[in-house]
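User: I would like to go through the terms used for this model and see which value stands behind each one.

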Amino acid sequence: MSQDNAFDARAHRPLLERHAWFAGLPEALKQTLLDAGRLRRLRAGEVLFRRGQPNCGLYAVLRGSVHVGSVTRSGRQNLVAVVPAPHWFGELALIDGGPRTHDTEAREATELLWVPLPDLVNLLTREPQHWQNFAALAVQKLRAAFEELEDAALLGTQARVAKRLLQLSTGHGMLTAQASLRTVALNQEEFAATLGLTRQTVNEVLGLLADQGFIAKGYGRVDILDAAGLKALSRPT
């Protein structure tokens, strides 16, 4: 069962500042979110919320990661994204007032910052100018989604894999420059699922990229050795 605890803003703020959206917020808004925040702990596999459930607030991952996806009528699981620290999620239901769009569960033992919905409603009632800040978070993800649709149509398999590695290293452009990663934690099965590819295909492409000196493969990780080379590979031909 999940546990809700007091949130230590001072201890966790440096991590949250690595996310470009939070780092760019007005100081007063940052402090309001931190003051309202609560710490939620989830066990591996524990469900945070299901698709169709009412909105309960905004979240940021502090430790661990969550799976975002859905289950078909036949029981097949569809993985949409893996959300690691220090990314935020849950803003879509805040903006349109609708239900949750996907199932979300802990991929591993996970800690979350939770800003409850009543606190967000009170904030936006008092200071409606901050709607634009939350809309910006949703638009960042919408832009990334449009780019992924375009990539699926225009790029070959190797180019898509190369580009996704770069996207993971920068948090799809949502990490600050100082927080970008040279080593990317990588589960090949999950990586393949989010690209709509088979694990075998991904393994073959990663092997080719390693042979060409763009990356180095390790257990559960990929080291990016030549980001410029990966970027060149990921351009449409």
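Analyst: A definition comes first: a residue is buried when its relative accessible area is under 20%, exposed when over 50%, and partly exposed in between. The model is a predicted one.

User: Why is T104 called buried?

Analyst: T104 has a relative accessibility of 3%. The cut-off for buried is under 20%, so T104 counts as buried. T104 sits in strand β8.

User: Which residues does T104 contact, leaving aside its neighbours within four places in sequence?

Analyst: T104 is in contact with V47, L48, F49, V66, H67, V68 and F89. Contact here means heavy atoms within 4.5 Å.

User: What makes A106 buried?

Analyst: Its relative accessibility is 2%, set against a limit of under 20%; therefore A106 counts as buried. A106 is also placed in strand β8, which runs over residues 103–106. Not counting residues up to four places away in sequence, A106 touches L42, R43, A44, G45, E46, S65 and V66.

User: How far apart are the C-alpha atoms of A106 and L195?

Analyst: They are separated by 21 Å, with the two positions 89 residues apart along the chain as the sequence separation.

User: Is N78 buried or partly exposed, and how do you know?

Analyst: N78 has 33% relative accessibility. Partly exposed covers the range between the 20% and 50% cut-offs, so N78 counts as partly exposed. N78 lies in strand β6 and touches V68, G69 and S70, with residues up to four places away in sequence not counted. The C-alpha atoms of N78 and A193 are separated by 7.7 Å, although these residues are 115 apart along the chain.

User: Why is K163 called buried?

Analyst: The relative accessible area of K163 is 16%. The limit is under 20%, so the label for K163 is buried. K163 is found in helix α7, residues 157–169. Apart from neighbours within four places in sequence, K163 is in contact with E147, D151, L155 and S234.

User: What is the label for H172, and what value gives it?

Analyst: H172 has a relative accessible area of 30%, which falls between the two cut-offs, so H172 is partly exposed. H172 lies in the loop between α7 and β10 (183–185). Its phi is near 55°, a positive value in a residue other than glycine.

User: What makes the peptide bond between A85 and P86 cis?

Analyst: The omega of that bond is about 5°, and the bond is listed as cis. P86 is in the loop between β6 (77–84) and β7 (88–89).

User: Which residues of helix α3 are buried, and what covers them?

Analyst: In α3, residues 27–36, the buried ones are L29, K30, L33, L34 and A36. Their cover includes α1 (9–16), α2 (20–23), β2 (38–42), β9 (110–116), α5 (117–126) and α6 (131–154).

User: Which domains does UniProt list, and what is the chain like over them?

Analyst: An unreviewed UniProt entry gives "domain: Cyclic nucleotide-binding" for residues 21–124. Over that range the chain is 26% helix and 41% strand, with the end C-alpha atoms 17 Å apart. UniProt also lists "domain: HTH crp-type" for residues 155–228, again from an unreviewed entry. There the chain is 49% helix and 15% strand, and the end C-alpha atoms are 17 Å apart.

User: How many helices and strands does the protein chain have, and why is the chain called as compact as a globular protein of its length?

Analyst: The chain has 10 helices and 12 strands. Its radius of gyration is 18 Å, and the globule rule gives 18 Å for 237 residues; the two values are close, so the chain is as compact as a globular protein of that length. The C-alpha trace spans about 55 × 40 × 30 Å along its principal axes.

User: What share of the residues is buried, and what share of the accessible surface belongs to carbon and sulfur atoms?

Analyst: Buried residues make up 44% of the 237 residues. The accessible surface is about 12,500 Å², and 52% of that surface belongs to carbon and sulfur atoms.

User: What share of the contacts joins residues at least 24 apart in sequence?

Analyst: The share is 71%, taken among contacts between residues at least 6 apart in sequence.

User: How far apart are the mean positions of the positive and negative charges?

Analyst: For 27 positive and 24 negative charges, the mean positions are 1 Å apart.

Notes: Residues numbered from 1 in each chain as written. Predicted model: local features only at pLDDT ≥ 70, side-chain atom pairs only at ≥ 80, totals over all residues. Heavy atoms only, no water. Helix = DSSP H or I, 4+ residues; strand = E, 2+ residues; numbered from the N terminus. Rg over C-alpha atoms; globule rule 2.2 N^0.38 Å. Buried < 20%, exposed > 50% of the residue type's maximum accessible area, 1.4 Å probe, protein only. Areas by Shrake-Rupley, 256 points an atom, 1.4 Å probe, with all protein chains shown as cover. Lys, Arg positive; Asp, Glu negative; His and termini not counted. Charge placed at Lys NZ, Arg CZ, Asp CG, Glu CD. UniProt positions renumbered as here; feature names shortened; annotations may be inferred.
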